[in-house]
Amino acid sequence: MRTALGEYFERRHFYKEIVSKDCALLSEFLGEAEVKCFVKVFLQTTSRKMSSECVEGHRFEMSKVVRISDFSTCYIPAVFISLSWHGLEKDSPIYPLRDTCGCSFHWDPEVAFFGAIKEHMERQFLLRFWLTKKCNSLVCERQVKSLLENKKISGAI
């Protein structure tokens with residue numbers, strides 16, 4: 001039940017609770033290396049033909065987030081984490097197809113941050129597999145059952 005409730009709150013959060021605090025250039029809130037990374041991503045995802053200068057000159061709706069690398073706060077484009085287009089219509093063509101990533105809901109903040117790190121790692125592993133079509137090894141059902149035997153898990157395997 002708690003897992004289902006957590007999933008509900010995560011989805012609700014991404015659809016309804018991403019709040020834009022400011023409209024700004026990427027460089028107003030992020031370091032040079034971070035700006036370059038966002039520009040690279042946005043140039044790959046935009047539904048319009050854009051130059052890096054155009055993306056760097058675009059004023060995005062920004063949301064406050066916590067970096068998983070060092071738990072510092074910063075502002076990033078809200079479109080990068082919101083599943084809704086509401087209020088983000090001018091940014092959505094730059095990042096049109098989106099899904100959740102790196103979010104975890106829990107009653108204990110430490111567990112939530114650890115869950116967010118695990119969510120992020122899971123996404124990175126899946127992306128690597130999807131992009132390279134390669135994996136280091138396959139785990140058969142018998143191995144999974146053996147690894148999970150006598151562990152605190154819910155649901156059938």
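## A nonpolar patch on the surface

In which helix does Phe129 lie? Phe129 belongs to helix H4, which covers residues 109-132. Keep in mind as you look around that this is a predicted model.

Phe129 also takes part in a nonpolar surface patch, together with Leu126, Leu127, Trp130 and Leu131. Taken together, these residues have about 500 Å² of accessible area. Phe129 itself has a relative accessibility of 39%, so it counts as partly exposed.

## Salt bridges within helices

Let's turn to the charged side chains. There are five salt bridges in the structure, and two that sit within helices are worth a visit.

One of them joins Lys36 to Glu32, with 3.6 Å between the closest N and O atoms. Both residues are in helix H2 (residues 32-45), and because they are four residues apart there, about one helical turn separates them. Lys36 and Glu32 are both exposed.

Helix H5 (residues 141-148) offers another pair: Lys145 and Glu141 are four residues apart, so about one helical turn lies between them. Their side chains form a salt bridge at 3.3 Å, N to O. Lys145 is partly exposed, at 39% relative accessibility, while Glu141 counts as exposed, at 52%.

## A salt bridge with a buried partner

Now find Asp91, which forms a salt bridge with Lys90. The closest N and O atoms of this pair are 3.1 Å apart.

Why does Asp91 count as buried? Its relative accessible area is 0%, and buried means under 20%. Lys90, by contrast, is partly exposed, with a relative accessibility of 36%.

Methods:
Residues are numbered from 1 along each chain as its sequence is written. This is a predicted model: local features need pLDDT of at least 70, side-chain atom pairs count only at pLDDT 80 or more; totals for chains, interfaces and linings use all residues. Side-chain values use heavy atoms; hydrogens and water are left out. Patches are made of residues with over 30% relative accessible area and no salt bridge: like charges are joined within 9 Å, nonpolar side chains (Val, Leu, Ile, Met, Phe, Trp, Tyr) within 5 Å. Accessible areas come from the Shrake-Rupley method with a 1.4 Å probe; for residues, only the protein chains shown count as cover. A salt bridge is a side-chain nitrogen of Lys or Arg within 4 Å of a carboxyl oxygen of Asp or Glu. Helices (H or I, at least four residues) and strands (E, at least two) are DSSP runs, numbered from the N terminus. Buried means under 20% relative accessible area, exposed over 50%, partly exposed in between (1.4 Å probe, protein chains only).
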